[in-house]
Amino acid sequence: MSGMANTETYYPGWQLLQIPGPSNVPPAVLHAIAKPTIDHRGLAFAAFARNLLEDLRPVFGTREDIIVFPSSGTGAWEAALVNTMSPGERVLMAETGHFSTLWFEMAERLGLGAELLHGDWRHAADPEAISKRLVRDTTQEIKAVCVVHNETSTGATSDIVAVRRAIDATGHPALLMVDTISSLGSVPYEHDRWGVDVTVSGSQKGLMLPPGLGFNVAGPKAWQAAATAKMPRAYFDWAAMATATASGQFPYTPATNLLFGLRTALDLLSLEGMDKVFRRHARHGRATRAAVTGWGLEVLCVEEDHQSNVLTAVVMPDGASADAFRSYMVERFNLPLGNGLAKLRDRVFRIGHLGDFNDLMLIATLGALQLGLEGFGIPVKASGLEAAMAILREP
Ligand SMILES: *Cc1c(COP(=O)(O)O)cnc(C)c1O
């Protein structure tokens, strides 16, 4: 959020970071991270860490222990798989977009029998398709069903409760693993109440931190699986982590200063109140979609009930390059937008509206987009911004 200098030019004023993660980091969090590093084996740190891990539970909606790794979200995926699976076991990934596909590819590389449940990247995970696949699995070879709660490459939010219900209705014992890397802290999530077995998350999206922390929460069934799982694991071993953190220690050096930042981020979230945080994201999601459709452009996710309140992926009109448009927006407004990933490359751009974000920043983002689309030569209706303002007019 500050004027950024590089060797070629200087952009005066604030830079808004409207990519869907890493999100804007509040200055209070940056200040907390800048505090002197302390002895992570000392008593003061142990008390701090125990307290922090306790206060993280409600954010995940759980009474279970929170496992924190010094890793990006991808590390937390790996941790979820290696702690619960044995070599060659089958995992079913609901294909919602690029991130679900990457998780599938990771499972393959780890030597698991990974299976992708086909999706077209314009829908949320389909509970019925998951249930049909499990019904066909009469020998119960599938050990886990993996779902990305908020698919950040497409802007589709899946209904985890419906997925849990669909799995339970089949009587199939597979674990349910959920990637909440971009949803946690932005849209409601309840590990315990929703019956999730393993939750995977990361620091740099709804939690408003820089990248660098990965999280796991394991329910009773997942801990049970971990006791007999045969995948090799060392750095990401849950048991070693849980044993150490019970006394506020870590098996290796934790990301001390990111944990300072996390403390402050949790304080900010609780000052605002989680309900308000979720309502804020919902309102910004609605306003952004109103602008996009008002401009006469298309939101990538076609299921209205599943359109994300974290980000909006916008389909570029035929023949126009989304990447050239994004470069134009950086040159013209110093406004980075998310790119299209994998098969969506150059076809969509993504507007992040998550984390430390307010009406003023959304108005600036959408105003710049309307001017930018015009300036770039995409014919848009000026009523797009009006439609967003109509939603923001309500307090
Ligand atoms: C960002 C993201 C990831 C990847 O996390 P890294 O921190 O880049 O490893 C995975 N899944 C989802 C849904 C994400 O949004």
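User: Which helix is Arg283 found in?
Analyst: Arg283 belongs to helix H10, residues 274-295. Keep in mind that this is a predicted model.

User: Is Arg283 buried or exposed there?
Analyst: Buried, with a relative accessible area of 14%. The cut-off for buried is under 20%.

User: What does the side chain of Arg283 make a polar contact with?
Analyst: With the side chain of Asp359, at 2.5 Å. Leaving aside neighbours within four places in sequence, Arg283 is in contact with Asp359, Ile391, Leu392, Glu394 and Pro395.

User: Now the sheets. In what order do the 4 strands of the open sheet come?
Analyst: The order is E12-E13-E15-E14, and the pairing is antiparallel. Strands E12 (298-299) and E14 (338-339) are at the edges with a single partner strand each, so each has one side without a neighbour in the sheet.

User: How many bridges join E12 to E13?
Analyst: 2 bridges, with E13 covering residues 311-315. Glu298 is opposite Val315 in E13.

User: And how many bridges between E13 and E15?
Analyst: E13 and E15 pair over 5 bridges, in the antiparallel sense. Ala313 stands opposite Arg350 in E15. On the E14 side, E14 and E15 pair over 2 bridges, also antiparallel, and there Gly338 is opposite Arg350.

User: How many residues of E15 are buried?
Analyst: 5 of its 5 residues, so to speak of E15 as mostly covered is fair.

User: Which residues point which way from E15?
Analyst: Val348, Arg350 and Gly352 point one way, and Phe349 and Ile351 point the other way. In a regular strand, side chains alternate between the two faces of the sheet.

User: Which helix lies across E14 and E15?
Analyst: Helix H11, residues 322-333. H11 runs at about 40° to E15.

User: Switching to the sheet with 7 strands. What is the order?
Analyst: E3-E11-E10-E9-E6-E4-E5, an open sheet with mixed pairing. The edges are strand E3 (66-69) and strand E5 (113-117); each has a single partner strand, so one side of each is left without a neighbour in the sheet. From one strand to the next, the twist averages 20°.

User: How do E3 and E11 run, parallel or antiparallel?
Analyst: Antiparallel, joined by 4 bridges, with E11 spanning residues 214-218. Phe69 stands opposite Gly214 in E11. Helix H5 packs on this sheet and touches strand E4 (90-94), E5 and E6. The direction of H5 makes about 170° with that of E6.

User: What about H6, which strands does it lie across?
Analyst: H6 lies across E6 and E9, at about 165° to E9.

User: Which residues in H6 are buried?
Analyst: In H6 (residues 160-170), Ile160, Ala162, Val163, Arg164, Ala166 and Ile167 are buried. The buried residues of H6 pack against helix H5 (127-136), strand E6 (142-148), strand E9 (175-179) and helix H7 (220-228).

User: What is at the start of H6, and what follows H6?
Analyst: At the start, a side-chain oxygen of Asp159 comes within 3.2 Å of the backbone nitrogen of Val161. After H6 comes Gly171, with a positive phi near 75°.

User: Ligand next. Which residues come nearest?
Analyst: Ser72, Thr74, Thr152, Asp179 and Lys205, of the 13 residues around the ligand.

User: Which ligand atom is 2.7 Å from the side chain of Asp179?
Analyst: A nitrogen atom, paired with an N or O atom in the Asp179 side chain. A polar side-chain atom of Thr74 is 2.5 Å from an oxygen atom of the ligand. A polar backbone atom of Gly73 is 2.8 Å from an oxygen atom of the ligand.

User: Last topic, the largest nonpolar core. Which residues touch the most other members?
Analyst: Trp103, Met177 and Leu262, in a core of 83 residues. Helix H2 (residues 43-60) gives the largest share of this core, 8 residues.

User: What does Leu262 touch?
Analyst: Not counting residues up to four places away in sequence, Leu262 touches Leu52, Leu56, Leu207, Leu209, Leu213 and Phe215. Another core, of 30 residues, lies apart from the largest one, and among its members are Ala287, Ile351, Leu369 and Ile391.

Notes
Residues numbered from 1 in each chain as written. Predicted model: local features only at pLDDT ≥ 70, side-chain atom pairs only at ≥ 80, totals over all residues. Heavy atoms only, no water. Core = buried A, V, L, I, M, F, W, Y, C linked by side-chain atoms within 4.5 Å. Buried < 20%, exposed > 50% of the residue type's maximum accessible area, 1.4 Å probe, protein only. Contact = heavy atoms within 4.5 Å. Pairing = 2+ DSSP bridges. Axes fitted to C-alpha atoms, helices over the stretch in contact; angles between N-to-C directions. Near = heavy atom within 4 Å. Polar contact = N/O pair within 3.5 Å; in protein donor to acceptor, adjacent residues only side chain to side chain.
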